[in-house]
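Dear colleague,

Please find below the structure that I am handing over to you. The findings follow it, and I would ask you to read them with the structure open beside the text.

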Amino acid sequence: MDPAAVSPPAAGISLRQLLMALGDSLVEVQAAPSGLDVEIRGVALLDPEDPPSAQPGELVLAIGARGRAAFPALRAAGRDGAVAVVVKLDGPGQAAALTETAAEAGVALLSLRSEARWEQVNALARAALDDAPPGDSGDEAEEGDLFSLAQTTAILTGGIVSIEDTANRVLAYSRSSDSDEIDDMRRRSILGWQGPEAYLAKLREWGVFQHLHSSDKVIAIDSHPELGIRRRLAVAIRSGERHLATIWVQEGSAPLSEHSEQALVGAARVAAHHLVRRRRVLSDDVTLTWTLMAGLLEGNTGPQPLATHLGLDAGRPAAVLGFSYETAEADVAAPELTHAEVTNLISVHIAARHRSALVTQLDPRIYVLLPQLPRSIDTATLRGWGHEVVGAARRHLGLPLRGSVGCLVPGLGDAPESRREADRILDAMMSADLSTAVAALPDIQAEVLVSEMLTLLSAHPEIRDPRLTALVAHDSRHQGRLAETLLTYLNSLGDVRAAAAQLHVHPNTLRYRLRRAEELTGLDLSRPDQRLLAMLQLRLPPTG
């Protein structure tokens, strides 16, 4: 093995993440005896002339080792603690024997497509490792991943996405489950790692590249079946006046979504940040942006450091949007749903609406800071942006996202106040049965205040009525429903028939339960104060 070919120690990523980065157009999993969550920390090229060896945590690219020649590489990888070996297969008959050997060695076996190039896999794997923050793995490592962004863009547009640099080299692309949807230009670009020259010449002839170099607007390219090209949209990724790369969206078997152009504009703005970080240009700058934003929202730093750093006008209106997929139901989010998918979806949608938007996660929630808003903007507009995000999350991710609109504040320094209001709304939405998925404070003022009263009551047992506490304890011991019946009756404004229908019992049963509750506790439901206290206290979640 060539020592110069071994990557330096890097942050680890899982084999699952690496497969997402490489894509199924390049590699196929033949065996994964330890699963897909094992950590890869480096990449090594195995020269066929060298004795097989590996380092712990490595992905070994067995160049030139086909068929039986790959057996020593697999056994050495297992002996030395490597994670996976990539080989090329000459035919289907080789897979079974190599898979059995890989399983015995305890290493994953990946087969490389015959048309693909080793240098392409090497570069993509190293780029995926480079994108991982030092010392981190998992979802945080995916946040800056262009492949994850490409996949999110594909979901939002309904198309097949690739991101290419200004030399038309493929940087990242989305996965496609149907190879028939991929046109010849897309297939040859991925396998060759660069757009075919004949197609590139046509794009130059049609003025596509001239448009991309001079504009940040989306351009459409009609289908040309005679050239093997399906309909496409493209948008430039820019940093100021600098053209960094291009996002291409190819139409598959179904038309692109009606919001594709808007999604592309947002994706290009998000991708610009990722590309700056990927190229190691101002990489500390990106980290500093997130640090200053988190400090501002948490009230630990003032607005000026972030405003100066990004060139923002701290005196213009600002607001914070909050998003959460916290839920009382444990089975809402699919296990494969990643935080990166949600963050990318929010980033793409919001960036399309407001160029200066910043997205970050604090605790389990995702926040959007909207600095230097137009002075004419109103809460209804921001609520509409939130509904777009929530609707997209439900359609494309099957996720019941909730959104809150913090108050519009006069300047960036008041952003913590807007964030606090966004949190108050999300807290209330968690505990209240609301039909709306996005709200501002005026929409649910009563629910927010009641939620905060319950929080106060929960934190101070000394201000609770011990008779109601005893009633809840009685139900717990006897599997009763007296407390539930009493609360339902009070919520129904004393309408016995309505409360009985809600509980699916006869009105006489409900009346009996109410009398029994009064007998056990000594409550007098004819007294308004006792009814009010019961309505509040019985809404507290059960303890113990």
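Which residues does Thr 153 touch, not counting residues up to four places away in sequence? The model, which is predicted, gives three names: Val 161, Leu 264 and Ala 267. Thr 153 itself has its place in helix H6, which covers residues 146–157. Buried means under 20% relative accessible area. Thr 153 has a relative accessibility of 1%, and therefore counts as buried.

The chain as a whole

The chain has 544 residues, and buried residues make up 50% of them. It contains 21 helices and 17 strands. Among the contacts with a separation of 6 or more, 65% are between residues 24 or more positions apart.

The antiparallel sheet

One open sheet is formed by 5 strands in the order E9-E8-E12-E11-E10, with antiparallel pairing. Strand E9 (170–173) and strand E10 (219–221) each have a single partner strand, so they stand at the edges and one side of each is left without a neighbour in the sheet. On average, neighbouring strands of this sheet are turned by 25° against each other, direction ignored.

Within this sheet, strand E8 (residues 160–165) runs antiparallel to E12, and 6 bridges join the two. One residue pair to look for is Ile 163 with its bridge partner in E12, Ile 247. Strand E12 spans residues 242–250, and Gln 250 lies in it. Is Gln 250 buried or exposed? Its relative accessible area is 2%, which is why Gln 250 is described as buried. Gln 250 and Arg 231 are 19 residues apart in sequence, and their C-alpha atoms are 6.1 Å apart in space.

The mixed sheet and its helices

Another open sheet of 5 strands has the order E14-E15-E13-E16-E17, and its pairing is mixed. Strand E14 (358–362) and strand E17 (438–440) are the edge strands, each pairing on one side only. From one strand to the next, the twist averages 20°.

In what sense do strand E13 and strand E15 pair? Strand E13 (residues 319–324) and strand E15 (residues 365–370) are antiparallel, with 5 bridges between them. Here Val 320 stands opposite Leu 369 in E15. Two helices may be examined next. Helix H13 (residues 339–353) packs on the sheet and touches E13, E14 and E15, and its direction makes about 20° with that of E15. Helix H14 (residues 379–397) also packs on the sheet, where it touches E13, E15, strand E16 (402–405) and E17. The direction of H14 makes about 160° with that of E17.

Strand E5 and its partners

Strand E5 (residues 58–62) is mostly covered, as 5 of its 5 residues are buried. Both of its faces are covered: Glu 58, Val 60 and Ala 62 are buried on one side, and Leu 59 and Leu 61 on the other. Which strands pair with E5 in the parallel sense? Strand E4 (residues 42–46) does so over 5 bridges, and strand E6 (residues 84–88) over 3 bridges. In the pairing with E4, Leu 59 of E5 is the bridge partner of Val 43. In the pairing with E6, Leu 61 stands opposite Val 86.

Helices H16, H18 and H21

Helix H16 (residues 445–459) has 15 residues and reaches 21 Å from its first C-alpha to its last, close to the 21 Å expected at 1.5 Å a residue. The buried residues of H16 are Val 448, Ser 451, Leu 454 and Leu 457. An α-helix has 3.6 residues a turn, so residues three or four places apart point the same way. The buried residues of H16 pack against helix H15 (415–431) and helix H21 (528–537).

Helix H21 also packs with helix H18 (residues 482–491), at an angle of about 115° and with the axes 10 Å apart. The crossing of H18 past H21 is left-handed. On the H18 side, the contact is made by Leu 487, Leu 490 and Asn 491, and on the H21 side by Arg 531, Ala 534 and Met 535. These residues divide into 4 nonpolar, 1 polar and 1 charged.

Yours sincerely,
A colleague

Definitions and conventions:
Residues are numbered from 1 along each chain as its sequence is written. This is a predicted model: local features need pLDDT of at least 70, side-chain atom pairs count only at pLDDT 80 or more; totals for chains, interfaces and linings use all residues. Side-chain values use heavy atoms; hydrogens and water are left out. Buried means under 20% relative accessible area, exposed over 50%, partly exposed in between (1.4 Å probe, protein chains only). Helices (H or I, at least four residues) and strands (E, at least two) are DSSP runs, numbered from the N terminus. Two strands pair if DSSP finds at least two bridges between them. The expected span of a helix is 1.5 Å times one less than its number of residues. Contact means heavy atoms within 4.5 Å. Axes are lines fitted to C-alpha atoms, for helices over the stretch in contact, and angles run from 0 to 180 degrees between N-to-C directions. A crossing is left-handed if the near helix is turned anticlockwise from the far one by less than a right angle, and right-handed if clockwise. Ala, Val, Leu, Ile, Met, Phe, Trp, Tyr, Cys and Pro count as nonpolar, Asp, Glu, Lys and Arg as charged, and the others, Gly among them, as polar.
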